[in-house]
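The following exercises concern the secondary structure and packing of one protein chain. Each task is followed by a solution in steps.

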Amino acid sequence: MKTSFYNIYFKHKGKNYVYNTLTTSLIVLDEKTFLLLQKSETDTISIDLQSQLYKQGIIVDDELNETSVYECYYNESQYGGFKDELRIVFVPTYSCNLRCIYCFEECSNNKIINKKDVYQIIEFTKNQLSNNRYYQKLSLVLFGGEPLLCANECIMLCDALHTLCKEVGIAFESKISTNAVLVTSEIVQKLFVPNNMRIQITMDGCRQFHDQRRIYKTGVGTYDKILKSINLINDYGLKSSIDLRINVDKNNIDTLEEVIADVYDKVGYIYVGLLRAAGNNKGRLSDCISDNDYILKYRPQIEPLFKKYGKQLHYGAFGKKHSCALNSGNSYIVDCNLDVYKCDNLIGQSKYSVGKIADGLLKRNSEYYNQRTWSPFHFDKCKKCNRLPACTASCAYLCLSKNGSMNKPVCYVTEEQLVCKIKQYIDNL
């Protein structure tokens with residue numbers, strides 16, 4: 001027997017813990033066993049305790065190559081044909097009625113999709129479902145630009161795909177990411193209600209900061225208009241369907257309470273979104289909060305605020321990761337040009353399109369294979385790291401964003417950050 005390469009040892013509030021990033025086991029140990037494991041002296045541990053630690057993957061057989069175990073798991077999630085969910089993101093337009101100062105989208109295309117091309121997406125979805133009998137659910141996401149600029153086309157697609165799912169006997173789920181200023185009673189009745197749609201709305205801190213950032217093209221702020229839209233959605237009993245994202249950076253994070261106080265009893269879920277130095281926000285890197293600083297510094301300050309208003313602050317996942325939408329075969333983003341992308345962050349950048357829909361089929365290009373085959377196991381540095389299952393070299397997009405290439409890994413999860421997340425998890429148990 002040997003101790004697992006993926007063990008992380010730490011102390012918290014007088015107790016000894018070991019977390020295994022491969023099996024995601026988290027256990028408490030006495031001091032003697034805690035020290036013996038760190039020294040890899042497994043032979044002196046009692047047989048009964050060895051058996052328990054073996055079941056948890058804390059100790060393993062001498063000949064076991066644990067990296068191969070994780071690689072097998074990752075590859076199955078990437079290439080396995082047993083996915084139970086098909087995810088389609090629909091981008092009916094890149095046009096937007098707002099001019100948010102930090103928008104990450106760099107596309108200047110103002111085209112709006114036509115009904116003929118909506119039918120192409122319907123046919124594409126039919127073909128995807130017929131070619132994979134394991135799908136049990138279709139998830140449709142309406143994205144943009146601002147999707148409600150194409151409300152009729154969104155309703156048309158939702159109605160068709162909802163009906164299709166009923167015909168083939170699978171579940172249908174839908175979500176929209178909207179700035180909410182175009183929400184009307186008609187849209188709520190024809191789009192949100194019949195599709196039991198989740199509605200993601202974004203605000204940017206208190207009224208003062210929000211109205212400087214999330215603005216109409218005339219420069220006028222949208223804070224009060226969004227509040228009216230949230231109230232309208234509430235009038236139809238859809239409070240629990242509203243997911244409110246609050247964008248933060250170093251300048252406005254101290255204003256969280258002001259916006260939470262305005263909306264906590266009108267939305268189902270509130271979460272914090274960190275502004276990234278991308279798109280129009282590239283020049284504001286010094287204002288952005290890193291994931292590491294958020295976990296270690298800001299989150300402990302924010303959590304009591306969420307509890308005050310009866311909301312649960314999500315904590316970053318630290319479990320074993322699988323392949324993402326970019327390199328999996330069950331997720332597609334289709335835009336108004338019928339170009340297909342694999343990552344939400346790359347839409348509108350045509351050089352990263354993986355192909356085009358024609359005759360209800362995806363005509364793949366070389367970028368499709370570049371992205372589908374992306375793997376953290378291409379990087380020797382990552383294969384030698386005990387945080388690999390919790391990090392996976394961040395993701396292809398972050399590698400591209402931070403290092404200029406999808407083929408240059410990013411150390412996204414530090415041991416300090418990982419242990420901090422686990423401690424937060426323990427404290428929330």
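**Exercise 1. Determine which residues of helix 4 are exposed and which are buried, and how the buried ones are arranged.**

Step 1. Lys116, Tyr119 and Ser130 are exposed, on the other side of helix 4 from its buried residues; exposed means over 50% relative accessible area, buried under 20% and partly exposed in between, with a 1.4 Å probe and protein chains only. The model is predicted, so that local features need pLDDT of at least 70 and side-chain atom pairs pLDDT 80 or more, while totals for chains, interfaces and linings use all residues. Residues are numbered from 1 along each chain as its sequence is written, and side-chain values use heavy atoms, without hydrogens and water.

Step 2. The buried residues of helix 4 are Asp117, Val118, Ile121, Ile122, Phe124, Thr125, Gln128 and Leu129. They lie on the same side of helix 4 because they cover an arc of only 160° around the axis, the arc being that of the directions from the helix axis to the C-beta atoms.

Step 3. Helix 4 (residues 115-130) has 16 residues and spans 23 Å from its first C-alpha to its last, close to the expected 22 Å; the expected span is 1.5 Å times one less than the number of residues. Helices (H or I, at least four residues) and strands (E, at least two) are DSSP runs, numbered from the N terminus.

Step 4. At the start of helix 4, a side-chain oxygen of Asn114 comes to within 3.2 Å of the backbone nitrogen of Lys116.

**Exercise 2. Identify the elements against which the buried residues of helix 4 pack, and the contacts of Gln128.**

Step 1. The packing partners are strand 6 (85-91), strand 7 (137-142), helix 5 (151-168), strand 12 (331-335), strand 14 (355-358) and strand 15 (361-364); contact means heavy atoms within 4.5 Å.

Step 2. Gln128 lies in helix 4 and is buried, with a relative accessible area of 16%. Leaving aside neighbours within four places in sequence, Gln128 is in contact with Leu86, Tyr135 and Tyr332.

**Exercise 3. Give the strand order of the sheet of 10 strands and describe the pairing of strand 6.**

Step 1. The sheet is open, with mixed pairing and the order 11-10-9-8-7-6-12-13-14-15; two strands pair if DSSP finds at least two bridges between them. Its edge strands, strand 11 (269-274) and strand 15, each pair on one side only. From one strand to the next the twist averages 25°.

Step 2. Strand 6 runs parallel to strand 7, joined by six bridges, and Phe90 has Leu142 in strand 7 as its bridge partner. Strand 6 also pairs with strand 12 in the parallel sense, over five bridges, where Arg87 stands opposite Ser331.

Step 3. Five of the seven residues of strand 6 are buried.

**Exercise 4. Describe the sheet of three strands and the helix lying across it.**

Step 1. This open sheet has the order 2-3-4 and antiparallel pairing. Strand 2 (7-12) and strand 4 (26-29) are its edges.

Step 2. Six bridges pair strand 2 with strand 3 (residues 15-20) in the antiparallel sense, and Phe10 stands opposite Tyr17 in strand 3.

Step 3. Helix 1 (residues 31-38) lies across strand 2, strand 3 and strand 4, at about 145° to strand 2. Axes are lines fitted to C-alpha atoms, for helices over the stretch in contact, and angles run from 0 to 180 degrees between N-to-C directions.

Notes. Polar contact = N/O pair within 3.5 Å; in protein donor to acceptor, adjacent residues only side chain to side chain.
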